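User: Hello! I'd like to go through the cavities, the pockets and the ligand site of this model, and hear the reasoning behind each label.

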Amino acid sequence: MKPLEDRIADHVKRIPRSGIRDFFELVQGRDDVISLGVGEPDFAAPWHIREAAIFSLEKGQTSYTSNLGLLSLRECIVDYVEGQFGVRYDAKSEVLVTVGVSEALDLVCRALLNPGDEVIYHEPCYVSYNPSIALAYGVAVGVQTKVEDEFVLRAEDVAAKITDKTRMILLNFPTNPTGAVEPLEELEKIAQLAIKHDLLVVSDEIYSELLYRGDSGMERGEHISIASLPGMKERTILLHGFSKAFAMTGFRLGYSCAPHVLTEAMMKIHQYSMLCAPIMSQNAAVEALKNGAGEVEKMRRAYARRRNLLLSRFEKMGVPCFSPGGAFYAFPDIRKFGLSSKEFALRLLEEENVAVVPGDAFGPAGEGCVRACYATAYDQLEIALDRIAEFVKRL
Ligand code: PLP
């Protein structure tokens, strides 16, 4: 019999394991670790949303739904997206409910890329982008963003990567892992590039409710979706979901909004691979969209307070950290300590029991920084920051 390793498809063999996963295997089994590692809200989903899931079960709603998702949910999504982003989609033909943004991203790549097609994306970025493109036989073309430039994606850097094989630009603002928000002028220039070169744009807007305006960040910033810019709705696939703002990661629910022809292509794969998203999660999501805004804002304000704590404490420690405009991540610059991001994170874990993620887990452009997620209780964050201060004092 051939060795089992030889049975694994070449394109799967080529994909590295997630750097986050490797790191968290080290965290497992250690006592007293404060984790600023996992990018997941520490809040449970608001009670009225959980209750809607419970009611769904109580009423015996345990069936499949339409492949596209419950029409009642798609109608709520259309209203919500119009309210948030100022773009209106057709609930019957332009919205697809998926198992998280993760599935939506996979569907986009599999439905819209031919082997060898290039996708431009910005690094450091969410760990799934590169593998999702590679698994669809696409070619991931990273554009580096820099800490000195507050991780702004420069249109001129995007333009420099465009070839005759480029098919899509993949954007994520606010960005995981940096918390960066794209300035409108630059977003407009990227839209112009997409139009000029006839490219599709995939816009992952999963953190779009979590925006912090000004120094205090207590006011919510305004989110502008590239889909809302002139000439862009017809070439944009907008991805959004419930995991982050609504603290519903375990419900596994997301959606895409895109022109009918693209939605139909994605739906073709979804209907054979997933069939539909779970009905109880869909019912819970209806409640989230109808009545969840107050809870989302409460959580956002809690994150804003924690963000301020982190920023002021890093400043006191002499650790440079740019002020993130969104999401729930800080990405401090640790280059002055002369350690790689992996060494820094490993020693911090071993010596002080605090877990942060090495920046290179998010692509080579993340080297020199670490990701600290502040979706962690305020008192725990305070202790973690005390420990980090002790650690950097010794370096
Ligand atoms: N997109 C980004 C930028 C993320 O950070 C994450 C999760 O961390 C996802 C997508 C996946 O989200 P979901 O839980 O909806 O699959």
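Analyst: Happy to help. The model is predicted, and a good place to begin is the lining of the largest cavity, made up of F314, V319, P332, I334, F344, L348, V356, V370, A372 and I388. Among the elements, α12 (341–352) and β14 (370–373) each give two or more residues to that lining.

User: What makes these count as lining residues of the largest cavity?

Analyst: A lining residue must have an atom within 4 Å of a grid point of the cavity. F314, I388 and the others on the list are lining residues of the largest cavity, so each of them meets that cut-off.

User: Why is it called a cavity and not a pocket?

Analyst: The label cavity is for points where a 1.4 Å probe fits but cannot get out, whereas a pocket is an open set. The search of the whole structure finds one cavity of 30 Å³ or more, and the largest cavity has a volume of about 50 Å³.

User: How do you know what class of residue lines the largest cavity?

Analyst: The count is ten nonpolar, no polar and no charged. Phe, Val, Pro, Ile, Leu and Ala are all in the nonpolar class, so F314, V319, P332 and A372, for example, fall there.

User: Now the open side: what is the volume of the largest pocket, and which residues are closest to its centre?

Analyst: The largest pocket has a volume of about 680 Å³. It is lined by 30 residues, and R17, S18, G19, V127 and A361 are the closest to its centre. α2 (19–27), β3 (118–123), α6 (129–135) and α12 each give two or more residues to this lining, with α2 giving the most, seven residues. By class, the lining has 18 nonpolar, five polar and seven charged residues.

User: Where does the ligand sit, and what makes that assignment hold?

Analyst: The ligand sits in the second largest pocket. A molecule sits in a pocket if more than half of its atoms lie within 2 Å of the grid points, so the ligand passes that test for the second largest pocket.

User: Which residues surround the ligand most closely?

Analyst: Of the 13 residues that surround the ligand, the closest are S102, D204, Y207, S243 and K244. Helix α5 (residues 100–112) gives the largest share of the shell, three residues. The shell divides into five nonpolar, five polar and three charged residues.

User: Why are D204, K244 and R252 said to make polar contacts with the ligand?

Analyst: A polar contact is a pair of N or O atoms within 3.5 Å. For D204, a polar side-chain atom lies 2.6 Å from a nitrogen atom of the ligand. For K244, the distance is 2.6 Å to an oxygen atom of the ligand, and for R252 it is 2.8 Å, again to an oxygen atom. These distances are within the cut-off, so the three pairs qualify. As for burial, the ligand taken alone exposes 400 Å², of which the protein buries 93%.

User: What makes some backbone angles here worth a mention?

Analyst: Most residues other than glycine have a negative phi, and most peptide bonds are trans. The F173 to P174 bond is cis, with omega near -10°, and the bond joining N176 and P177 is cis too, with omega about 20°. P174 is in the loop between β5 (166–171) and α8 (184–196), and P177 lies in the loop between β5 and α8. E150, not a glycine, has a positive phi of about 50°, and is found in the loop between β4 (139–144) and α7 (155–161).

Technical notes:
Residues are numbered from 1 along each chain as its sequence is written. This is a predicted model: local features need pLDDT of at least 70, side-chain atom pairs count only at pLDDT 80 or more; totals for chains, interfaces and linings use all residues. Side-chain values use heavy atoms; hydrogens and water are left out. On a 1 Å grid over the protein atoms alone, a cavity is a set of points where a 1.4 Å probe fits but cannot get out, and a pocket is an open set with protein on both sides within 12 Å along at least five of seven lines; lining residues have an atom within 4 Å of a point. Grid points are joined across faces, edges and corners, and a volume is the space filled by probe spheres set on the points. Helices (H or I, at least four residues) and strands (E, at least two) are DSSP runs, numbered from the N terminus. A residue is near a molecule or strand if one of its heavy atoms lies within 4 Å of it. A polar contact is a pair of N or O atoms within 3.5 Å; within protein, one must be able to donate a hydrogen and the other to accept it, and residues adjacent in sequence count only if both atoms are side-chain atoms. Accessible areas come from the Shrake-Rupley method with a 1.4 Å probe; for residues, only the protein chains shown count as cover.
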